[in-house]
There are 2 protein chains.
Amino acid sequence: MEKQTLGEKTAEKLLNMIHERGYTAGDKLPTEMELCQLLGAGRNTVREALRILVSRNIVTIRQGAGTFISEKNGVPDDPLGFSMMEDRRKLTRDLLQIRVMLEPPIAALAAQNADEEDIQKLEEILLKVEELIERREDYSQKDSQFHAQIAACSHNTVMSNLVPVITEGVRIFASTVRETEYVQTLASHRAIFRAIKEKKAVEAQEAMTYHLMYNQNRYRDEEKEE
Amino acid sequence: MEKQTLGEKTAEKLLNMIHERGYTAGDKLPTEMELCQLLGAGRNTVREALRILVSRNIVTIRQGAGTFISEKNGVPDDPLGFSMMEDRRKLTRDLLQIRVMLEPPIAALAAQNADEEDIQKLEEILLKVEELIERREDYSQKDSQFHAQIAACSHNTVMSNLVPVITEGVRIFASTVRETEYVQTLASHRAIFRAIKEKKAVEAQEAMTYHLMYNQNRYRDEEKEE
C-alpha cells in the first residue's frame, strides 16, 4: 500500500461528504472556509484536496463563483490512455471494433430501459443532427451525443461513462465525413431511434449493428484507397 | 477552448518528446536538469509538467532513482468514475452486464490474434490461478490478470486498457467467492485457454460466455438471498 498524503486523505473525506450530502452535477460546494471546518483541516490541505478532485473531474472551480460538482461525473480526461497510443490509424480501427461489439447490445438495452424523458432527449439530439445534415454542416459532435444518449437510455451507469469516451475518440482521430455518409446516417439514426422509442430491442440492436458496420467498412475502404 | 498554463503546454511538449524517442513502460527519462534544456523551460515549469504527467499515470517518480515511463500506459486511476457511483450493487450489476457483452467477442479475437508469447504468458497466469484454487486461497487478483491477458491477446490496444478497469471493478465491489465457484472457474478457465491456444475463436467466445453468465447468475442469486 502506498502512503497517502494529508491532501489525499482529505480528498477522500471530501468525496465521502459529497456522497453523504447527495450532491449531484452542478451543485455548489461549501466555501473553502466552511470546508476547513467541516473536514477539520487547514486551508492549504483543503486546497490540495480540491486540486486532487479537480484533476479527477469530480469538482470544478469557476473563478469568482465557487466550487461545483463537475458535469463529467468523475471521469478524468483521456480515461483510456489514448495519448500514449502513437498509431492513430490503429487506434481508430480498435475503437471502431469496440463500437461494433458494444453499441448494438447497448441499443437493445436502451430499447428495453429508456423512459419518456430519455426518449425525448434522444429525439431532440436526433433532430439537431438532422438539421445539421440538411445544412451540410459538421454534425460529428452531435452525432457523438446521439450515441452517448443511447448509452444513457440503457440505464447502465458504467456504459453512460464509457460510450462517450469511445465515440469522442473516433470523432477526434478518424478522418472527416463524406457526402455518401449523410444519407446513411439520416436513415440509420431514424431507424435506431424508432426502435428504441417503440421498445423493440431486437430491431434497435440490428439497426445499430448495420449503422456501425457501415462506418467500419467505410473506414477500411478509406485506408485501402490511401 | 480553455487557456493552457505553461505547465500544461510543457507537459504536452514532454509527451511529444516521449513519443519521438519511442520510450515505453519502464524506460527512464532524462534528469530534471536535462529536461529543462530539452524543453526550454525553467525548473518549476518542468516540475509542474512532470506532476501533470504523474497524475495522468504517464510517468512515475521513484524517489532517488528518477522519473520513468509508467507501467499504467497513461490510464488514470478510476478512469470510469466509479468513485462517484454510490450504489455498489448497481455498479456491480452494471459491470457484470458489460463483461457479458464485451469479453466473449474479445476471447474470439484473442483466439484469432494471440501469438506464441501471448499464449505462454496466459498459460503462466492460468497455472497460478489453478495453484491458488488448489490451496483454496484468494485467487481474485490473478483471475483479473487472466482476463486482462486475454484482452492483451486480442491485440486491440483500447481493450487492453479497458478490460482491467472492468474486471478490477468487479473484484473490488463484488462480494467474496464461494466454494462452488472454484470448480466452475477451474473448468471454465481451462476451456477458454484451450480454445485460444488452438485458435478456435467460436469455442473461445462460447466458453467465455458460459463463464461470465455463470458469474452473473451467481451474483443475482446472492442478491436474492439477502
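Is R47(B) buried or exposed? I looked it up in this predicted model: R47(B) sits in between, partly exposed, because its relative accessible area is 38%.

**Entry: the partner of R47(B).** I found that R47(B) makes a salt bridge with E32(B), with N and O 2.9 Å apart. The two come from distant parts of the chain: R47(B) belongs to helix 3 (residues 43-55) of chain B and E32(B) to helix 2 (residues 32-39) of chain B, 15 residues apart. E32(B) also counts as partly exposed, at 23% relative accessibility. Buried would need under 20%.

**Entry: other charged pairs.** I searched the whole structure and got 34 salt bridges over all chains. One of them joins K72(B) to D77(B), the closest N and O atoms being 3.7 Å apart. K72(B) is partly exposed, with 43% relative accessible area. In chain A, I noted R135(A) paired with E137(A) at 2.8 Å between the closest N and O atoms. R135(A) is partly exposed at 46%, and E137(A) is partly exposed too, at 34%. I also came across a salt-bridge network that links E12(A), R56(A) and D78(B).

**Entry: the two copies.** How does chain B map onto chain A? I get an RMSD of 0.0 Å after a turn of 180° and a shift of 0.0 Å along the axis. The copies are thus related as by a two-fold rotation axis. Which residue of chain B comes closest to the rotation axis? That is P79(B), whose C-alpha lies at 2.3 Å. Last check, the interface: 100% of the interface residues of chain B are also interface residues in chain A, so the copies meet through the same surface.

Definitions and conventions:
Residues numbered from 1 in each chain as written. Chains lettered and ligands numbered in written order. Predicted model: local features only at pLDDT ≥ 70, side-chain atom pairs only at ≥ 80, totals over all residues. Heavy atoms only, no water. Least-squares fit on C-alpha atoms with pLDDT ≥ 70 in both. Contact = heavy atoms within 4.5 Å. Salt bridge = Lys/Arg side-chain N within 4 Å of Asp/Glu carboxyl O. Buried < 20%, exposed > 50% of the residue type's maximum accessible area, 1.4 Å probe, protein only. Helix = DSSP H or I, 4+ residues; strand = E, 2+ residues; numbered from the N terminus.
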